[in-house]
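Please open the model in your viewer and keep the sequence panel beside it. The tour below goes from one selection to the next and says what is to be found at each stop.

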Amino acid sequence: MFLKSLSLKGFKSFADPTRIEFQPGVTVVVGPNGSGKSNVVDAVAWVLGAQSARVVRSSRMDDVIFAGTTKRPALGRAEVALTIDNSAGRLPIDFSEVTVTRTLFRTGESEYAINGVACRLLDVQELFSDTGVGRQQHVIIGQGQLDAILAARPEERRMVVEEAAGVLKYRRRKERAERRLEASETQLGRLADLQREVRRQLRPLERQAAAALTHEALTHESAALRLFLAGEELRDLGARLNRHAAERDELAAAAGAAAVQLTRLEHERDAAEVELSFERPEPLEPVLGRAQRLAERAAGLERLLEERRRAAAALRAALSDGGEVAALEAERIKVHADLERCDEDGARLVPEWEALAAAEAELARRAAADAATFGEETAPAGPPPSATAWPACARRRSAPPSGSRRSRAG
């Protein structure tokens, strides 16, 4: 295995893309001081995975990027590609040529690639672990480095020997495995703590889960009951709706029959009014008024007669002159004659009074029948006036007082 080519772009003083071809044997880079000979060695060390800025003779890692000059601007990244001939199969990869590429951006991001495929730094270190090429870079010996190795402590020499012999990779793997085991033990401890905490909370969670299951079952049962009750209520409402519809139809039919009966009764009422108008050519109001006036006149005459009787009795008792008694007797006879004329007028009005009473009784009977038909309440009609009041009054007034005869005879 030997170096085949080295490509540099933007690495330190190599602003332009530069490719160096290596041939089997010894390759020597010759040039004056400051020409960049050491930059070639630094590029090889950097692309193989050097992580310390001091290895590449810089204070910071981004110092390896071309910083620019007065005539050329600074670049944004540095890229180095190292091609190795793997015809002997020293590298554990199925390629005759292996190209390792490292790119560093000014933002600090770094990328690795093997044969153009992105990879990790660990993959690059694992690739060269069996070849004696490692992070210590003992294959690259600089000025003073030989004295440093000779003056190194036994531990440091052992590390160099182990790296050259290919044992260091197993040590590194062991260290990584131990770190992973420690991390696993730590995770196991945390897992045990979590397990204890979960076990402590398991019983309350079981009770809560049982309560949740009970709540879910009760919720489903409640929903089913509400649905059943809603169905029953809907069924009852449907039955009530049908019953009310039937009652509405019956009431509509009854209302139609009542309207027909009302129309018939109105026709009968109109016919009865026409019949009454033919049977009673004279209105009842004038007859009633005349009868009332006659009754009032008879009552007034009766009161006048009583007063005159009392006055006559008083005069008969007080006076002893027979001439005055005769005058009073003549006046009494005159008043009695007036009363007889009033009684005769009342007797002539008796037939009209009886006809009026009969008409009023008939109207009251028909009004009561109409009210019973329509279900209305009517005020009870008073008793019709008695037709016998006039003759009785006339008979009472026609008899002369007997006291006057006894008085005159005395």
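A salt bridge here is a side-chain nitrogen of Lys or Arg within 4 Å of a carboxyl oxygen of Asp or Glu. The model is a predicted one, in which local features need pLDDT of at least 70 and side-chain atom pairs count only at pLDDT 80 or more, while totals for chains, interfaces and linings use all residues. Residues are numbered from 1 along each chain as its sequence is written, and side-chain values use heavy atoms, with hydrogens and water left out.

Begin by selecting Lys12, Asp42 and Arg57, which a network of salt bridges links together. Within this selection, Asp42 pairs with Lys12, their closest N and O atoms lying 2.9 Å apart. This pair connects distant parts of the chain, since Asp42 sits in helix α1 and Lys12 in the loop between β1 and β2, 30 residues apart (helices, H or I, of at least four residues and strands, E, of at least two are DSSP runs, numbered from the N terminus). Asp42 counts as buried because its relative accessibility is 5% (buried means under 20% relative accessible area, exposed over 50%, partly exposed in between, with a 1.4 Å probe and protein chains only). Lys12 is likewise buried, at 13%.

Next, select Arg72 and Asp16, whose side chains meet in a salt bridge at 2.7 Å, N to O. Here too distant parts of the chain are linked, with Arg72 in the loop between α1 and β3, Asp16 in the loop between β1 and β2, and the two positions 56 residues apart. Arg72 is partly exposed at 35% relative accessibility, and Asp16 is partly exposed at 41%.

Now move to Ser58, in the loop between α1 and β3, which counts as buried because its relative accessibility is 13%. Its contacts (heavy atoms within 4.5 Å), not counting residues up to four places away in sequence, are Lys12, Ala53, Asp63 and Val64.

Which residues touch the most other members of the largest nonpolar core (buried Ala, Val, Leu, Ile, Met, Phe, Trp, Tyr and Cys residues joined through side-chain atoms within 4.5 Å)? Of its 32 residues, they are Leu6, Phe11, Trp46, Val64 and Phe128. Helix α1 gives the most to this core, with six residues. Select Phe11 to see its own surroundings, where, leaving aside residues up to four places away in sequence, Phe11 touches residues including Asp42, Trp46 and Val64.
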